[in-house]
Amino acid sequence: MTGRRTGRALLAGGLLLGTLLAAGCGVRPSAVITGRPAVSGPAQGVGLYLLAQGELVLVLRPATGDSAPANNLALLAAGPEVNERRQGLTSEVPAGLDPVTVTSAADQSGGLTVRTETAARTLSGHAVDQIVCTVADAAAQTGFANSSAPVTIVGPDGARPPQRCPIS
């Protein structure tokens, strides 16, 4: 008889569990809710990599002209706009970074070289990441290079080793 009671208890428990699972979490069924189509293709605008609590984030600004890599670096060197600062975005790229030139490597590496008149070796790690990611993104958007291209930053104090964007 104990076996029957145990079996009935298990059956009752299973039915109760099944009923609870079937009931769901109390959300009532509704009709299908439609949204907009999914975003596809390249992002529209100028992509700059700023910092949010020390982490790289892509910020899109409206395109205002030529989005060549050197022009995007000039915008990056100007720092976050007022609305971006209000959102807590910062930058470690020095304001004196501009003017810069961006060229593709002469070898087959597909790499890019950023030449600046400021010291390259004293740039912080975050500043280097911001520059590398912004240049690689701009180069890919304009068809100048692949977004995973290594970027070498060269200043009057020498060159930093080639680096790829850590979040691409």
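## Overall layout

The protein's secondary structure adds up to four helices and seven strands, where helices are DSSP runs of H or I with at least four residues and strands are runs of E with at least two, numbered from the N terminus. Reading along the sequence, you get the pattern α-β-β-α-α-β-β-β-α-β-β. This is a predicted model, so local features need pLDDT of at least 70 and side-chain atom pairs count only at pLDDT 80 or more, while totals for chains, interfaces and linings use all residues. Residues are numbered from 1 along each chain as its sequence is written, and side-chain values use heavy atoms, with hydrogens and water left out.

Of the 168 residues, 32% count as buried, meaning under 20% relative accessible area; exposed means over 50%, and partly exposed is in between (1.4 Å probe, protein chains only). Among contacts (heavy atoms within 4.5 Å) with a separation of 6 or more, 61% come from residues 24 or more positions apart.

## A three-stranded sheet and its helices

One open sheet has three strands in the order S2-S1-S3, with antiparallel pairing; two strands pair if DSSP finds at least two bridges between them. S2 (55-61) and S3 (89-90) are the edge strands, each with a single partner, so one side of each has no neighbour in the sheet. S1 (residues 46-52) pairs with S3 over two bridges, in the antiparallel sense. Leu51 has Thr90 as its bridge partner in S3.

Two helices lie across these strands. H2 (residues 69-77) crosses S1 and S2 at about 35° to S1, while H4 (residues 125-141) lies across S1, S2 and S3 at about 160° to S1. The axes behind these angles are lines fitted to C-alpha atoms, for helices over the stretch in contact, and the angles run from 0 to 180 degrees between N-to-C directions.

## Helix H4 and the core

H4 is mostly covered, with 13 of its 17 residues buried. At 1.5 Å a residue, H4 should span 24 Å, and its end C-alpha atoms are 24 Å apart, which agrees; the expected span is 1.5 Å times one less than the number of residues.

The largest nonpolar core holds 31 residues, and those with the most contacts inside it are Leu73, Val114, Ile131, Val135 and Ile153. Such a core is a set of buried Ala, Val, Leu, Ile, Met, Phe, Trp, Tyr and Cys residues joined through side-chain atoms within 4.5 Å. Elements giving it two or more residues are S1, S2, H2, S4 (100-104), S5 (112-116), H4 and S6 (151-155). H4 brings the largest share, seven residues. Leaving aside neighbours within four places in sequence, Val135 touches Pro69, Leu73, Val102, Leu112, Val114 and Val151.

## Gln130, a buried polar residue

Gln130 is also in H4, and at 0% relative accessibility it counts as buried. Its side chain makes a polar contact with the side chain of Ser91 (3.0 Å). That term means a pair of N or O atoms within 3.5 Å; within protein, one must be able to donate a hydrogen and the other to accept it, and residues adjacent in sequence count only if both atoms are side-chain atoms. A polar atom of the Gln130 side chain also lies 2.9 Å from the backbone nitrogen of Glu92. Beyond neighbours within four places in sequence, the contacts of Gln130 include Tyr49, Leu50, Leu51 and Thr90.

## Just past H4

Gly143, just after H4, takes a positive phi of about 80°. Gly143 sits in the loop between H4 and S6 and, at 64% relative accessibility, counts as exposed. Gly143 and Ala68 are 75 residues apart in sequence and 9.8 Å apart in space, C-alpha to C-alpha.
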